[in-house]
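Please work through the exercises below with the sequence and the structure open beside you. Try each task on your own before you read its solution.

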Amino acid sequence: LGKYAGVYESEKAEKVNITEENGKVYWQRLGGRRYEVMPSVTDEFYFEKDFLWLEFQRNKKKKISQLVFSRAGYMPNTWKKLEKQVMRLSETGQEL
């Protein structure tokens, strides 16, 4: 799997699945549809039709450890990367 792929958990215990396929990165919450996020600069992505932004952050060992989800930098939410395999979700976000 790619360096961004994994399950991330917010401070409110919400989970999001980040997957990578054919060089593209996708965001999908449990119960929600999958969205492709577009690359901007190293470790930063955005949702094409919104002002929503993802910034993947690295730990001291240079591994992705969390992501910050915000509306163009406003009201950022930090999501910790869990030591858990990517969830298998349907197009509508139902666990398979």
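The exercises that follow go from the overall sheet to single residues, and they concern a predicted model.

**Exercise 1. The sheet**

Work out how many strands form the closed barrel, and in what order they run.

*Solution.* Begin with the whole sheet: the closed barrel has 8 strands, which run β1-β2-β3-β4-β5-β6-β7-β8 with antiparallel pairing. On average, and with direction ignored, neighbouring strands of this sheet are turned by 30° against each other.

Next, look at single pairs of strands. Strands β2 and β3 run antiparallel and are joined by 6 bridges; within this pair, Ile18 has Trp27 in β3 as its bridge partner. Strand β7, residues 64–71, is joined to β8 by 5 bridges, again in the antiparallel sense, and here Leu67 stands opposite Trp79 in β8.

Finally, see how strand β1 (residues 6–10) meets strand β8 (residues 74–81): the two pair in the antiparallel sense over 3 bridges. In β8, Lys81 is the residue that stands opposite Tyr8.

**Exercise 2. The nonpolar core**

Find out which residues of the largest nonpolar core touch the most other members, and which strands each supply at least two of its residues.

*Solution.* The largest nonpolar core has 16 residues, and those that touch the most other members are Tyr8, Ile18, Trp27, Leu54, Phe56, Leu67 and Phe69. At least two residues of this core come from each of the strands β2, β3 (24–29), β5 (44–47), β6 (52–58) and β7.

Now take Leu67 as a worked case. When residues up to four places away in sequence are not counted, Leu67 touches Tyr8, Ile18, Trp27, Leu54, Glu55, Phe56, Asn77, Thr78 and Trp79. Trp79, which appears among these contacts, is also the residue that stands opposite Leu67 in β8.

**Exercise 3. Three residues in strands**

Decide whether Val16, Asn17 and Ser70 are buried or exposed, and list what each of them touches beyond its neighbours in sequence.

*Solution.* Start with Val16, which is found in strand β2. Its relative accessibility is 0%, and because buried means under 20%, Val16 counts as buried. Leaving aside neighbours within four places in sequence, Val16 is in contact with Gly6, Val7, Tyr8, Trp27, Gln28, Arg29, Trp79 and Met87. As for Gln28, its C-alpha atom is separated from that of Val16 by 5.7 Å, although the two residues are 12 residues apart along the chain.

Continue with Asn17, which is also found in strand β2, residues 15–21. At 2% relative accessibility, Asn17 counts as buried. With neighbours within four places in sequence left aside, the contacts of Asn17 are Gly6, Val7, Tyr26, Trp27, Gln28, Val86, Met87 and Leu89.

End with Ser70, which lies in strand β7. Ser70 counts as buried because its relative accessibility is 7%. Not counting residues up to four places away in sequence, Ser70 touches Phe51, Leu52, Trp53, Met75 and Pro76.

**Exercise 4. Salt bridges**

State how many salt bridges the structure holds, then describe the pairs of Arg29, Arg34 and Arg58.

*Solution.* It helps to recall first that side chains of opposite charge can pair when their charged atoms come close. The structure holds 4 salt bridges, and three pairs are treated here one after another.

For the pair of Arg29 and Glu14, the closest N and O atoms are 3.5 Å apart. Arg29 lies in strand β3 and Glu14 in the loop between β1 and β2, so this salt bridge ties together parts that are 15 residues apart in sequence. Arg29, at 30% relative accessibility, counts as partly exposed, and so does Glu14, at 34%.

In the pair of Arg34 and Glu21, the side chains meet at 2.8 Å, N to O. This pair links distant parts of the chain, since Arg34 is in the loop between β3 and β4 (35–39) and Glu21 is in strand β2, 13 residues apart. Arg34 is partly exposed, with a relative accessible area of 23%, and Glu21 is partly exposed at 37%.

The side chains of Arg58 and Asp43 also meet in a salt bridge, at 2.8 Å from N to O. Arg58 is in strand β6 and Asp43 in the loop between β4 and β5, and the pair links these distant parts of the chain, 15 residues apart. Arg58 is partly exposed, with a relative accessible area of 34%, whereas Asp43 counts as buried because its relative accessibility is 9%.

Notes:
Residues numbered from 1 in each chain as written. Predicted model: local features only at pLDDT ≥ 70, side-chain atom pairs only at ≥ 80, totals over all residues. Heavy atoms only, no water. Helix = DSSP H or I, 4+ residues; strand = E, 2+ residues; numbered from the N terminus. Buried < 20%, exposed > 50% of the residue type's maximum accessible area, 1.4 Å probe, protein only. Contact = heavy atoms within 4.5 Å. Pairing = 2+ DSSP bridges. Core = buried A, V, L, I, M, F, W, Y, C linked by side-chain atoms within 4.5 Å. Axes fitted to C-alpha atoms, helices over the stretch in contact; angles between N-to-C directions.
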